[in-house]
Amino acid sequence: MRTTTAIKLVILGLFLLALGVAGKLFNHYTSSEYLSRTLCDEFARSVEAELSLDSARLDLGGVLRVERPAIRLAGEKEPLFTCREILIGLDVAGALRGAGAVKEVVLVEPTFNLVYQQQDRAWNFEAMFPKPAERKKPGEAPVPERKGPPEEMLREGILLQDATLIVQNAELFGDEEPREYPGLYLRLTPDLNATSSWHCEANFRRGPLAGSEITGWFVPGDRPQLKLDITCKDLAAGEALWHYVPSGKDIWEEYQVAGRLSLDAVIELLDTGCLTYSLKVRARDASAKTKFFPSRVSSINGVVDIRDDDVIINGLTGVIPAEEFGATATQGVPARIRMSGVSHGGEQGYSFQIEVVDLPLCRTSVEAVPEVGADLWRQFQPAGRSRFTLTLAGPPDGGDARFLAVLELQDVTLRPAEAPLPLEHVSGTVSVDNDTVRLDGLWGVLSQHGGPATGGRSSVAQFTADGIIDFNGKNSVLEVALRNIRTDEQLVKAIPACGEQIWEMLRPDVVLDASLLLRDKADSDDMSHSVVLELHGGQVTLEAFPLPLRNLSGTVKVDGSTVSVEHLAATLDTGDDTTGKFNAVSSVEARGVIDLEAEHAEVSLVARDLVLTEKLLKAIPNVGEDIWDAVRPEGTVSLRGKVVYDGQKERPLHYTLDLDLRDISVLPESLPVPVDALSGQLLVSENHMFSNYLVGVTCDGHFEGAGVIHYGAESEVPTYGARVRFEQVELAELIRCFGGGKEGVSGRIGGVLYVGGVLGDSTTTRGHGQVSLTEGYLWETPFFVGVVSLLHLAMPGRSSAAARGEAAVALNGDEVKVRELNLTGGGMDLSGYGSVWWDGKLDMTMVVVGAPEKGSGIPFVSPLVGWVLQTMERQLVRLEVSGTLSEPRFKHQVLSTITWPLTSLRAIVFSPFFRAKQEAPAEQ
């Protein structure tokens, strides 16, 4: 009993002794100091890094708690890893069986500071597991295994709770600033085959990536493999989000993507060592500002696929708010945009198609057109809305990009720089192929205010345009057609090169159709222009001829500075519409060439039924007003001629006009005898008028003649000269023209007259001629009443009063010199000389003999023709007449008895002895 008890006590003592020793050993190996030192030593032995911590302790649940651990690489100030606490779940039994001792590792609020070393082309955590040295020669010792934790260390996995990743890589993010990703919850779980591969589940619960989830797997080793699926739902995109995205700074600066985005990404690292990724971005009510268009795009919806280096956009839609174009949201519907395309990475090329519907055309949108936008705005300044399509293509070799922009215009207003009027309601297509602009089927209208050509009514013209505008080359060809356009000062002066001159020369107010062809000049920055004008009405006013030509029709071509008038017909209104006396509208036709640059013009004119009026005559340059004042012609002419203008000569205007006169009436101021029914040919030039045959009627008689008028630069004053032969002129009418009465006067005169002088100045009139009288009756005039009374003759009756006579006259200003006058009839013979003035003043000397009254007086001698007087035995009477035709004053003298024979009274009057023997006359 005692022995048994003693053995029991010994065993109990040994157990207690062993238990005490084990307890001490347990306390030693589980102390914080031992655990801390062991962890740091083992970590330094396993990897090329230093581990520091505040404390490590093992609780009763078999969980090793490590407080404030930090991993620091050699030579680095900032730790690679820090954590508030690490919880390591231990499996002691498993460790005794040879299995892994660690079931799970939980990292509480860890921070990983990851830096990519550009020079080493590796991340900083790779420095903890340096690669072994490479073999240099065959047969050397085997490469030692690389350091690293044993793969069997974990069985359950690793859990990161609320981790923070700090990543620094200038290439990855586009700048030097580090990126901090907070709130990561990550669980790494080994598969059933120990730690040969790991599964991961993660999400971000804080920061801009909050709500993002990551699932996948990876296989560690010398040739690691990886696949991650990343899902980000309803992220709030903005500058803050792009701060966490690789190259996000460039994306934000170039596109400024904001709004709501969802992302699905797949990242794979295959055993080939090739890392691939794909990213699908779903935009929901996002916004962006692309490099293809300056205005911000809102309400973006659609999907963008990113596969490795390829970016695929398929039907991305959005709107451009009205305020982006300077308008308020209430001023119109926003423009709708749609974008598709693909961009290959590196220099593999790209292709994009952008379509904008209801695009407001303004400076912002037009200048956004690549290459030529600023030129388009400066040239056309469009306003309205358009459908805009832009195709961009970059070649695989990285060469210059090609683009094609198409503007489909609908009800747009254009304001071309060269045109003073806006083009309204414009439709058609404008295509931009790099620096070449193509106009295809452009159609629109021009609204014009009323003017003389339209009777004050406003008009609407149509235009079409097709062609190419090359802003940076010499390939511009543009065809423009205008229909029913009315010219005005602004529009004409807008014609390239020659508009100012055309306006100054023609002042056109014309309704016309125009076809314009514009081409680049190879040797100049200007464009050559060819214009065909089809005129359908309106008027022009020539610089040198102010009467307007109206109702124009015909064809005019303008080629550069050369204007070719192929055929131009018009009417010329030469009358005063207020008089209502006659229709003074004539027809005019013209053909010719005008060189505006050389200031040279040659125009052929044809005018039919041209009515001569005061307005027309006074419009003739240099001499027209003088002609009107001198002869006051009225009637109708037709003309054919040529006008030549050479502005580089001292006397630029030259013209020759052949006039066919018909039924013209004139009233010369210097010879106040009316002329009617004047017909004949008249040649008119800038210096003279000439005719070698004219016929007409005056004072109920007729005449024919020739004449010339000199004027222009070759004459200081306009002068004229004429020859007139007349017959059967009514004497009474002629006397009335000179201010005398026609009572008691009749008869007809004929003769020839040569006259000349200065137009409009009667004092310069010079001339001479012969005048004859037949069937005259003069006896009831004051002059002959006085003569008959003085001679005591019986007043002849009308049945026996016919008188005949002739006279030689000379014109000197207002004076008519009668060189020789012979008259017989009514029982009287008269011969004399002297002067008569246009105002009726008289200064005459004559000898008269006639049949006496019964029982007294002087006997009748002989008839006028072939006077044969016998030796006079009786007295003759000599008269000196003064006063006027209406109130003559006489001085008479009875001649002495003449004993020598005379053959005529003329011999008595003009004999030198006659004056010597005369006695003093007696006045009556």
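**Exercise 1.** In this predicted model, determine which residue of S32 stands opposite isoleucine 594, and describe how the two strands are joined.

*Solution.*
Step 1. The residue across from isoleucine 594 is alanine 601 in S32.
Step 2. Strand S32 covers residues 600–612 and runs antiparallel to S31, with nine bridges between them.
Step 3. The connection is a hairpin: four residues lie between S31 and S32, and in this turn glutamate 599 has a positive phi of about 55°.

**Exercise 2.** Identify the strand that pairs with S31 over ten bridges, and assign the residues of S31 to a covered and an uncovered face.

*Solution.*
Step 1. The partner is strand S30 (residues 562–573), paired with S31 in the antiparallel sense.
Step 2. One position in this pairing sets alanine 569 opposite glutamate 589 in S31.
Step 3. Within S31 (residues 585–595), the covered face consists of Ser586, Val588, Ala590, Gly592 and Ile594.
Step 4. The uncovered face holds Val585, Ser587, Glu589, Arg591, Val593 and Asp595.

**Exercise 3.** Establish how many residues of helix H8 are buried, and state which elements they pack against.

*Solution.*
Step 1. Helix H8 spans residues 373–380, and six of its eight residues are buried, that is, under 20% relative accessible area.
Step 2. The buried residues are Gly373, Asp375, Leu376, Trp377, Gln379 and Phe380.
Step 3. These residues pack against helix H7 (363–366) and four strands: S22 (402–414), S23 (423–433), S24 (436–448) and S25 (459–470).
Step 4. Just after H8, glutamine 381 adopts a positive phi of about 45°.

How values were computed: Residues are numbered from 1 along each chain as its sequence is written. This is a predicted model: local features need pLDDT of at least 70, side-chain atom pairs count only at pLDDT 80 or more; totals for chains, interfaces and linings use all residues. Side-chain values use heavy atoms; hydrogens and water are left out. Buried means under 20% relative accessible area, exposed over 50%, partly exposed in between (1.4 Å probe, protein chains only). Contact means heavy atoms within 4.5 Å. Two strands pair if DSSP finds at least two bridges between them.
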